[in-house]
Amino acid sequence: MASVECQLSVKSGFVSVVLVSSGVNSVFFSVSPTYAAVGDSVTLRCHFNLAPEDLGVLDIEWSIKPSDVREEETLVIWYSEGKCGDLPRLLEGNFVSPDPASGNASISITDLTPTDHNTYQCKVRKLPGISMINICLNVMERPTEPECNLEGVVDLGHKVVLRCRSTQGSSPMWYSWYKESRNEMLPNDGYVNSVQGDLFLTVTKENILGTYICTAQNLVGMDTCRLTLKFSSAVRIRVAAAAAGTALITIIIIAIIIFCHHKRKIELHLGCEIIEDEMPPHKWLPKKSQQVIPSRSVLKVRKVCNI
């Protein structure tokens with residue numbers, strides 16, 4: 001009986017699927033497809049151990065499983081009685097080990113193309129034992145470098161749209177936006193359409209300006225583009241003039257307040273006057289004597305201030 005241990009790993013570091021099977025006529029399918037990019041190299045790993053009762057000739061076959069179960073499998077690489085063979089017109093691949101009979105029946109496929117997108121079967125046979133496993137390989141195109149564009153006028157109070165598009169790449173593809181400075185988050189009212197690649201912003205203040213980075217990504221790769229959000233020359237002049245005007249008005253208001261306060265203090269200081277009250281007539285003196293100017297000691301003095 002042959003015990004087969006199969007796994008699929010991609011050199012570029014993407015998803016790996018490991019499946020273990022044992023027993024006669026056992027077939028296992030990958031629960032998770034593995035993805036690789038066009039132009040990459042991939043290793044389909046198939047390791048096995050022979051049981052003492054397996055005494056026949058060792059045969060190893062790699063074949064492509066058709067999508068239609070009524071069609072026959074297509075043999076691409078094989079090993080039998082110490083000899084290896086392949087069909088290079090169907091697959092750019094070879095056995096990884098110079099001696100597959102040692103227990104390593106893995107194959108390496110180089111320079112992947114979309115036609116390599118298939119379900120592959122590794123079959124190990126040494127009578128009376130036989131085991132096999134199916135591995136699904138999805139070959140995809142990486143996203144091309146996206147193009148970033150700005151729609152709208154960058155001015156205070158205006159809405160703008162930052163657009164990001166990658167013209168090539170396999171689906172599913174999604175987009176993300178972030179500011180070049182990792183310490184800065186997207187504005188609270190910013191909205192990203194991850195499917196279309198659009199970032200919607202409202203220019204509410206100057207700190208919303210800066211460089212934004214868009215990432216286009218799928219299951220096998222990613223690429224980025226940059227877009228700098230800034231005021232035009234005319235807007236910068238207008239914003240600067242508005243700021244200078246605001247500062248000048250503030251200075252004038254402060255000067256008026258200081259002047260009024262100082263003037264009030266002067267009026268309080270100079271607005272006081274001395275008033276001398278006339279003494280009441282002395283009834284015991286004759287009327288002629290009452291017209292005599294009283295002495296200073298008996299004058300009543302009042303200080304009256306205009307407040």
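Which residues does Tyr-120 touch, not counting residues up to four places away in sequence? In this predicted model, the contacts of Tyr-120 are Leu-44, Trp-62, Ser-63, Ile-64, Leu-91, Ile-109, Ile-133, Asn-134, Ile-135 and Leu-137. Tyr-120 belongs to the largest nonpolar core, which comprises 25 residues. Together with Leu-44 and Trp-62, Tyr-120 touches the most other members of that core. Two or more residues are contributed to this core by each of the strands E4 (42–50), E5 (59–65), E6 (74–80), E9 (107–109), E10 (118–126) and E11 (129–140). Another core, of 20 residues, lies apart from the largest one. Its members include Leu-201, Ile-208, Cys-225 and Leu-227.

Strand E6, one of the contributors to the largest core, pairs with strand E7 (residues 83–86) in the antiparallel sense, over 4 bridges. Within this pairing, Ile-77 has Asp-86 of E7 as its bridge partner. The two strands, E6 and E7, form a hairpin with 2 residues between them. In the turn of this hairpin, Glu-81 has a positive phi of about 50 degrees.

The second largest pocket has a volume of about 200 Å³. Its lining consists of 13 residues, and those nearest the centre of the pocket are Met-185, Pro-187, Lys-205, Asn-207 and Ile-208. By class, the lining divides into 5 nonpolar, 4 polar and 4 charged residues. Ile-208 thus appears in two settings: as a member of the core of 20 residues and in the lining of the second largest pocket.

Conventions. Residues are numbered from 1 along each chain as its sequence is written. This is a predicted model: local features need pLDDT of at least 70, side-chain atom pairs count only at pLDDT 80 or more; totals for chains, interfaces and linings use all residues. Side-chain values use heavy atoms; hydrogens and water are left out. A nonpolar core is a set of buried Ala, Val, Leu, Ile, Met, Phe, Trp, Tyr and Cys residues joined through side-chain atoms within 4.5 Å. Buried means under 20% relative accessible area, exposed over 50%, partly exposed in between (1.4 Å probe, protein chains only). Contact means heavy atoms within 4.5 Å. On a 1 Å grid over the protein atoms alone, a cavity is a set of points where a 1.4 Å probe fits but cannot get out, and a pocket is an open set with protein on both sides within 12 Å along at least five of seven lines; lining residues have an atom within 4 Å of a point. Grid points are joined across faces, edges and corners, and a volume is the space filled by probe spheres set on the points. Ala, Val, Leu, Ile, Met, Phe, Trp, Tyr, Cys and Pro count as nonpolar, Asp, Glu, Lys and Arg as charged, and the others, Gly among them, as polar. Two strands pair if DSSP finds at least two bridges between them.
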